[in-house]
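User: Could you take me through this model and tell me what stands behind the words used for it?

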Amino acid sequence: MNHPDENTDENAAPALRRLLDLLASGAATEDFAEVLADARRRGASATVLAEIDDATWQALRVHRTLRQHRRREAELTALFDTAGDLAASRELDTVLQAIVRRARMLLGTDTAYLTLPDETAGDTYMRVTDGSVSVLFQTLRLSLGDGLGGLVAQTARPYATPDYRRDERFHHTGTIDAGVLDEGLVAIIGVPLLLGGRVIGVLFAADRSSRAFSPDEVALLCTLAAHAAIALDTAKSLADTSAALAELNAANELVRAHSAAVQRAEQAHDRLTDLVLRGAEVPDVAAAVAHLLGGEIAVLDAEGEPLAGRSTPPAAELAAAVAASRAEGRSVRHGRLWVCAVLAGHDVLGTLVLRGRPDLDDADRRLFERASVVTALLLLLRRSVAETENRVRGELLTDLLTAPERDPAGLTARGRRLGVDLARPHLVLVAEPADRTDGAERERLAGAARRYLFGSRGVGAEHGEAVVLLVPGAEYSAGGEDAEETARQAADRLARLAGFPVTVGAGRLAAGPPALAASYAEGLRCVRALRVLGRAGEGASARSLGFLGVLLGDGHDVDGFVSSVLGPLLDYDARRGTELVRTLRAYFDCGGSLTRAKEELHVHVNTVVQRLDRVEALLGRDWNEPERSLELQLALRLRLLAGD
């Protein structure tokens, strides 16, 4: 007969081995209870059943512990993986997506999602979702403080609800409830993303059925939320670092550009200074600046006349830009041009115009403006030299006009030393203020004459009540104008320079002191004639004054006068063999009587009428007006006296 204890061990051993097998295989909990039930069915004794029951309870404890360890191992693995993502990945969206997906897997929920605040819009939005099937839910935006997320954000604590729709602890809104309903969510847990005690987002896990979340699950979700907060902070730090690096690079580029600009400005300054010291002229400076700026430079004087460079828009079109540049003390843009006033104090000496560079950076703009300063210096130097030379030349001119016969050779030699060759032809212009009541106007006119002659080899000086200008014949004829046109243009420009009307008379082209003095006297008589005729403020030559020019001029160009007055009739008679000139003389000799004229000519009166109609067609309808008829009669008389 066996011992009772030995019989018990022998009967309980198979059950114990089966419990160990279940533990080893990781069987379900209900499988352990089946071992005790099977022993009862076999009729085991109470002692054996008690032993098996106790072993089953111990096995369940071990089973539960192993399951917790496996779950913790899975959680730790997931956390380590997330930490690895944080360390290895630079893409914020990738890290956040991995965190949300692991939260869903570890908690075994239907969905998981993460919301972040939108500081610009003043609300929160769905940044990442996993397991969601509702577009409405995925695009949901939540006002601050609303819903479960609002409660988590306000309290900075985790919150869970087994049934979201019936939970009254937080503020429900129609928008949020509609999104939750469309997704079918019931149980929701939310934990804060904390950074330095500040909530920067909320991580959620949710089920489509009622469920109670354990403290371990809450702690796990909080750990994942901490990782998400680290990812967001790291991304922000990287963005700030990238922005700082970009700013640093931009600053370095700015420093390099500034250094290059300073170096270029120094080189330009040295280049312009060298030009000035070497006695360069305005065109040389313009060419150097054009090369430095890669454009075309034109330099205009105070009246808009070109001193260097190619033609520019009319001065009137640039007037507003010049005025703006003068007021601002800087260059200004005018369409596709840049304009800079050349200033000496508040006086405008000229204008610089740059074309071919629609856009100028600060460095090039300063270079352009520096060129205007250098140009102003050159113009001031030229003006100073010109005024000094003109003063000495003026003394020569005064001696020339006062006593030309005293020492012609000496005057010519003095002129050559001053750069004025009196032996070469010169045009003499005599200018007077149209209103001679103000003596100060003559001084202003003298200054205007110096500016008019600036840059030429001409001479100007006050003499008597007028200002006399000697224009070299080469410069006068280079423009292709006759003396009358030159006088007219001089009157216009001197008026602009002086600020009041100016009368200009031109003598004939002359060479040598005596002839130049005679030409001056002719120009002076021409000025007086213009004043008597009521044409003060105009310019004219003796020849352009018709018969008065014949009377006033020392040359008495009779043939020129006759040709200018009767030329069309003489040419017609020569070509057609007619007698228009003879008919016109007979008409005037007969006192304008057609009857007496036809008897004088021995023709029919209709023939006289037809011939006079032809005269009118050739000379104009005013041929019989008093002033015009006087010229015609004088020309006819001079021609008769000449034997023609």
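Analyst: Gladly; here are some questions about the sheet and the cavity, with answers. This is a predicted model, in which local features need pLDDT of at least 70, side-chain atom pairs count only at pLDDT 80 or more, and totals for chains, interfaces and linings use all residues. Residues are numbered from 1 along each chain as its sequence is written, and side-chain values use heavy atoms, with hydrogens and water left out.

User: Why is strand S5 called mostly covered?

Analyst: Buried means under 20% relative accessible area, with exposed over 50% and partly exposed in between (1.4 Å probe, protein chains only). In S5, residues 187–195, 7 of the 9 residues are buried. The strand itself is a DSSP run of E, at least two residues long, while helices are runs of H or I of at least four, numbered from the N terminus.

User: How do you know that S5 pairs with S4 and S6?

Analyst: Two strands pair if DSSP finds at least two bridges between them. S4 (159–161) and S5 are joined by 3 bridges, one of which sets Thr161 against Ile188. Between S5 and S6 (198–207) there are 9, with Leu203 as the bridge partner of Val191. Both pairs therefore count, by the rule of at least two bridges.

User: What makes S5 and S6 a hairpin?

Analyst: They are antiparallel, with 2 residues between them, and Gly196 in the turn has a positive phi of about 65°.

User: Why do S3 and S4 count as edges of the sheet?

Analyst: The open sheet has 6 strands in the order S3-S2-S1-S6-S5-S4, paired antiparallel. S3 (141–143) and S4 each have a single partner strand, so one side of each lacks a neighbour in the sheet.

User: What makes the space inside a cavity, and what lines the largest one?

Analyst: On a 1 Å grid over the protein atoms alone, a cavity is a set of points where a 1.4 Å probe fits but cannot get out; lining residues have an atom within 4 Å of a point. Grid points are joined across faces, edges and corners, and a volume is the space filled by probe spheres set on the points. The whole structure has 1 cavity of 30 Å³ or more, and the largest has a volume of about 100 Å³. Its lining has 14 residues, with Tyr113, Leu142, Ile176, Val180 and Phe204 nearest the centre. Two or more lining residues come from each of S1 (111–118), H6 (147–155) and H7 (174–183), and H6 gives the largest share, 3 residues.

Terms used:
On a 1 Å grid over the protein atoms alone, a cavity is a set of points where a 1.4 Å probe fits but cannot get out, and a pocket is an open set with protein on both sides within 12 Å along at least five of seven lines; lining residues have an atom within 4 Å of a point.
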